[in-house]
Amino acid sequence: MPNSPNPAVPASQLLQFFDQMVLIREFDLQAVRSRRQGLIPGFIHASQGQEAIAVGACAARQDGDVVTSTHRGHAHHLALGGSVDTTMAELAGRVTGTCGGCGGSLHVADKTLGNIGANGIVGAGIPIAVGAALSFAIREEPRVALSFFGDGATNQGTFHESLNMAALWNLPVVFVCENNHYAEGTAQGRHMAETDISLRAVPFGIASIDVDGNDVQAVFEAASTAFSRARVREGPTLIVANTNRLCGAYEGDPQLYRSKQDVVALEAVEPIVRLRATLIELGYADDTELKSRINDARERIRRAVEFAEGSDFPEPDAGLYLTYVDDLDGALLEVRDL
Amino acid sequence: MQQDVLMPSLGLTMEEGTVIEWFVSVGDKVDLGTDFFLLETEKSEVEIEAPYEGVLAEIVVEAGRTVAVGAVIARMEVDQVSNATAAPVPAPLVAVQSGVQDVMAKPAVGKICATPLARRLAVEHKVDLTALVGSGPFGRIKRCDVERGVSESVIGVTSPITPLEGRRALIAARMSESTSTTASVTLTTRARVAQLINLRECLVAAQTKVRPSYNDVIVVACAVAIAEHPDIILQIHAEALHLPENINIGFAVQAPEGLIVPIIRDADTRSILDVAVESERLIGDTLQNRLHPFDAEEGVFTVSNLGAEGIDAFTPLINLPQSAVLGVGAIRDSVEVVDGAPFVIPMLTLSLTFDHRAIDGQPAARFLKRVVELLECPDGLRTGLV
Amino acid sequence: MPQILNQSYSASSATSEMTYAEAIREALRTEMAHDDRVFLIGEDIAVFQGAFGVTGELWKEFGEERVRDTPISENSLVGVGVGAALMGMRPVVELMFGDFVLLAMDQIVNQAAKARMMSGGQVSVPLTLRTTTGATGAAAAHHSQSIEGWFLGMPGLKVVAPTTPADAKGLLTAAIRDPDPVVFLETKQLYGLKGEVPLGEHVVPLGSAVVRRAGTQVTLIGVGGATAGCLNAANEVAADGIDVEVIDLRSIVPIDTATLFTSVEKTTRVVVVQEAVERGGVAAEVAALIAEHRIDHLDAPILRVGAKPIPVPYSPTMEQHVLPGLSDITAAVSAVMS
């Protein structure tokens, strides 16, 4: 169903949301294909269906704000403005990747964009975001840290410890739970005693917002509110954004935990479909234009693949590797002259 | 210019080798150190590097063939100037180095329990680990054991290969001449030397000028015996027998560069203390490498004493042109039968080698018997004490 | 402002006698005074003045913002340190007992140690982790472990274990100034040890071992607190005419092989002593390094002295049996001499 029109959100911004979500969607679709074809050696976690959360939340970010991401981090990175070229190259393990090929899909990071890292450990980014927020508080900077995590992560000790400390010290942090109702392959009802995640903010006295995670506008509004509150030190916020993962938990997931019909039903209400309907209804764009935008995105992805394929692999003996074995600028010294 | 490449030798025992595979082809430019071919010996497979810089012109021995060490296996076109400094035949050098390796790789060494440090030192000092007894746990050979082995090994050998020259060459020649020329026979006997020991101790206690050795007394005894049995010093020169006039007795001294025999002239005219003083001077000069030639020539008889090293009887070689040499062993307490009863008596073993061309057995034996008498009852010897 | 990091340095030749614990506090005070980025975080470090009294009244001097008590949340409090460090702060994180690092291993190893590599060199984590090591007598299994060897196999961390008050101050200073994560191990039993400590700025560079007692016949290498036992053993065997050289390893990662090898070349015999379990620890790594690179200098097998592979028992008789004692060290020295 189409979103309720909000005159406060201009057409240009909605179209930008559309472009971003489509770019993320096309990127991850390609990443799946590239993984199967061998360009991407490692395993990947695609974000199909969850794009609205990444786009809506990151749109509320200002310069200087930082984000900790998850193992399902392509969407966050691209939503922050990451380049599809360097991201694809990173997944392909090339020296031109965002992390020089050293991190891969699970560790995509770009400090200049405020992405302080995707994470292979569920829940690990949450206290790190709190730490970043602590540094802003100590230095009295008007900066905010945002932490993305899924419903599964809210069972990690780090989630509770982090909410507690963030509230205790009134830190400028926004917690965004991408509730896709699965922790890997386990449905929410089977991994949570109480499935209302927003209740988890109560013990710590933190404000929480439940939001339709497939409505990019709604996510943007919720995030804007949370960022504003944090920035003036009114306290952290827990945003629980309900969404669905259209793809498997990871590429190659046989998805034994749900049926094909389930997925089809979800596809009918996924965020891009909904935004598309909204744009058309509001007269901001027509079908042809939207299709054209999708094609543009596909073209950019195609070029990104070319870029990745044409890039070199990193030299094992050069660059970063050496900082672990050489004394450069006081960096880590592991091996001495024997 | 063309350069033959030979089948290299990789060990003292390697006689032939098999070319398993060529890593280069005819026409290839080859640098020194490039992998050239794969060689199989009875012990192992080894990648052989190119011994010359140049172009491979011809493969003489194809892969799979076995040839003897030193056979031509390939030919290279080399630049004359650049190879001027290359080892002319690299194979022998390889052989020497690998020879050492082979010694280390012998199975016997592998069974020896020795610390890594001991092994390294044994190689460096050319000490045979199999000959050592280890003082460590489980009989492990340690550094101190190797060091002991080094100090007990042949004096003077400091490098693996030393040219035969100088004193050593001279000694080699003279020993060879002696054994090939003389008809040497060695008589051994033993003397009861309780009184000799007593005499020496008295002489040592009675004066402080010099410390006489047993050797000094033996020299005097020999001089007396020679005077009574002059045949023992007959010398063969140019198909004739000569009897020297002066009883100059030499005694063997082990100098670092080799054996030297300084002479005590007219030993028959000297007392034991005289001889002691003289021998002390001569030994000092010898060890300091300043022995005058006069003090080393015209000896007519030689005394060689290995008693200090624990030797009993041995077969001293005749010191040409002399005809006899007396070998002196250690003084040992021994159980001897006297009048049917056993006693512990200090005994000295004497070995007299004589040249049967000049002297017969019985006269030689009588001379030796006289020496024994004089040593067993040395009262008659002039001591030089006043 | 450039800081001295990789060389020995003392601002003044004046010294003062103080305990190991006081020396650590001195280092913290000195660094916090001249570097705003340095702050302390841990359990009971402020009002309680530190479980072992190390932080003392620093909280009064610098305020609770910079000397920050935390809830009991080991993993997340280290994570908070990681986040702050990523933002350029210099957190000094305290974990009360070395045994508790296990609760925080994800943040220490997966996050702090790996961040530089994963990000392709974009970030470093200048975090200092202070924790305690070693048995104190009847503290039982959860409060007695010697943990020096736990981080050997985790690339990205430096580890030091000082044994004197002067070294405690100097090494902690270097650790705080280091751009990468450093695990600073405080041997509990040494907190009361007195020694002369240089006043003012004092730096002992990471990665250096030191000869505490020169000798000629055996190299006795002490890991952390075991060094004192080595010195006692050296005195005891001197009566038997055995001349022992004692080396305080001081730096676990990286190991100062140059100092060790120089000693081995001189003595040809090596014994490595640690309070930690003998199996698979620092001594094993030191032994392997010496055997690999100086085999031809060894006139005896390398011996290790360590605890038996049993969780530290409570009752004193059992604890003494498990932990290595003076007689174990002297026996090892005699063994290599035989």
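**Figure 1. The contact between chain C and chain B in the predicted model****.** In this predicted model, the contact between these two chains takes 8 residues from chain C and 9 residues from chain B. On the side of chain C that touches chain B, the residues divide by class into 3 nonpolar, 3 polar and 2 charged.

**Figure 2. The contact between chain A and chain C****.** Here 38 residues come from chain A and 42 residues come from chain C. Three helices of chain A, namely helix H5 (125-138), helix H6 (157-168) and helix H12 (320-323), each supply at least two residues of the side that touches chain C. Which of the helices gives the most to this side of chain A? That helix is H5(A), which contributes 9 residues. Sorted by class, the side of chain A that touches chain C has 21 nonpolar, 13 polar and 4 charged residues.

**Figure 3. Chain C and the loop that holds Pro254(C)****.** Chain C has 338 residues, of which 59% count as buried, and its secondary structure comes to 11 helices and 16 strands. When contacts in chain C between residues at least 6 apart in sequence are considered, 81% of them join residues at least 24 apart. The close-up concerns a cis peptide bond, with omega of about -5°, that joins Val253(C) and Pro254(C). Pro254(C) lies in the loop between strand S14 (251-253) and helix H8 (257-267) of chain C. As background for this view, most peptide bonds are trans.

**Figure 4. An open sheet of 4 strands in chain B****.** The strands follow the order S5-S4-S2-S7, and their pairing is antiparallel. In general, strands of a sheet pair through backbone hydrogen bonds, either parallel or antiparallel. Strand S5 (45-49) and strand S7 (66-68) of chain B are the edge strands, each of them pairing on one side only. From one strand to the next, the twist averages 40°. Strand S4 (residues 35-40) of chain B pairs with S5(B) in the antiparallel sense over 5 bridges, and within this pairing Asp35(B) has Glu49(B) as its bridge partner in S5(B).

**Figure 5. The packing of H7(B) against H9(B)****.** Helix H7 (residues 214-228) and helix H9 (residues 361-376), both of chain B, pack at an angle of about 135°, and their axes are 9 Å apart. Why are H7(B) and H9(B) described as oblique to each other? Angles from 65 to 115 degrees count as roughly perpendicular and angles over 145 as roughly antiparallel, and the angle of about 135° falls in neither class, so H7(B) and H9(B) are oblique to each other. Their crossing is right-handed. From H7(B), the contact is made by Ile218(B), Ala221(B), Cys222(B), Val224(B), Ala225(B) and Glu228(B), while H9(B) brings Phe367(B), Arg370(B), Val371(B), Leu374(B) and Leu375(B). By class, the residues of this contact are 9 nonpolar, no polar and 2 charged.

**Figure 6. Strand S18 of chain B and its pairings with S9(B) and S17(B)****.** Strand S9 (residues 184-192) pairs with strand S18 (residues 341-355) in the antiparallel sense over 9 bridges, both strands belonging to chain B. In this pairing, Ala191(B) stands opposite Leu348(B) of S18(B). S17(B) and S18(B) also pair in the antiparallel sense, here over 13 bridges, with Val337(B) standing opposite Pro342(B) in S18(B). S17(B) and S18(B) form a hairpin with 2 residues between them, and Asp339(B) in the turn has a positive phi of about 50°.

**Figure 7. Backbone details in loops of chain B and chain A****.** In chain B, a cis peptide bond with omega of about 5° joins Leu320(B) and Pro321(B), and Pro321(B) sits in the loop between strand S16 (301-305) and strand S17 (324-338). The other two details concern phi, and as a general background most residues other than glycine have a negative phi. Glu298(B), in the loop between helix H8 (272-287) and S16 of chain B, has a positive phi near 65° although it is a residue other than glycine. Is Glu298(B) buried or partly exposed? With 14 other C-beta atoms within 10 Å, Glu298(B) is partly exposed, because a residue would need 20 or more to be buried. In chain A, His181(A) likewise is not a glycine and has a positive phi of about 70°. His181(A) is located in the loop between strand S3 (173-179) and strand S4 (182-183) of chain A, and with 19 other C-beta atoms within 10 Å it is partly exposed.

Methods
Residues are numbered from 1 along each chain as its sequence is written. Chains are lettered from A and ligands numbered from 1 in the order in which they are written. This is a predicted model: local features need pLDDT of at least 70, side-chain atom pairs count only at pLDDT 80 or more; totals for chains, interfaces and linings use all residues. Two residues are in contact if their C-beta atoms, placed from the backbone, lie within 7 Å. Ala, Val, Leu, Ile, Met, Phe, Trp, Tyr, Cys and Pro count as nonpolar, Asp, Glu, Lys and Arg as charged, and the others, Gly among them, as polar. A residue is buried if 20 or more other C-beta atoms lie within 10 Å of its own, exposed if 12 or fewer, and partly exposed in between; C-beta atoms are placed from the backbone. Two strands pair if DSSP finds at least two bridges between them. Axes are lines fitted to C-alpha atoms, for helices over the stretch in contact, and angles run from 0 to 180 degrees between N-to-C directions. Angles under 35 degrees count as roughly parallel, over 145 as roughly antiparallel, 65 to 115 as roughly perpendicular and the rest as oblique. A crossing is left-handed if the near helix is turned anticlockwise from the far one by less than a right angle, and right-handed if clockwise.
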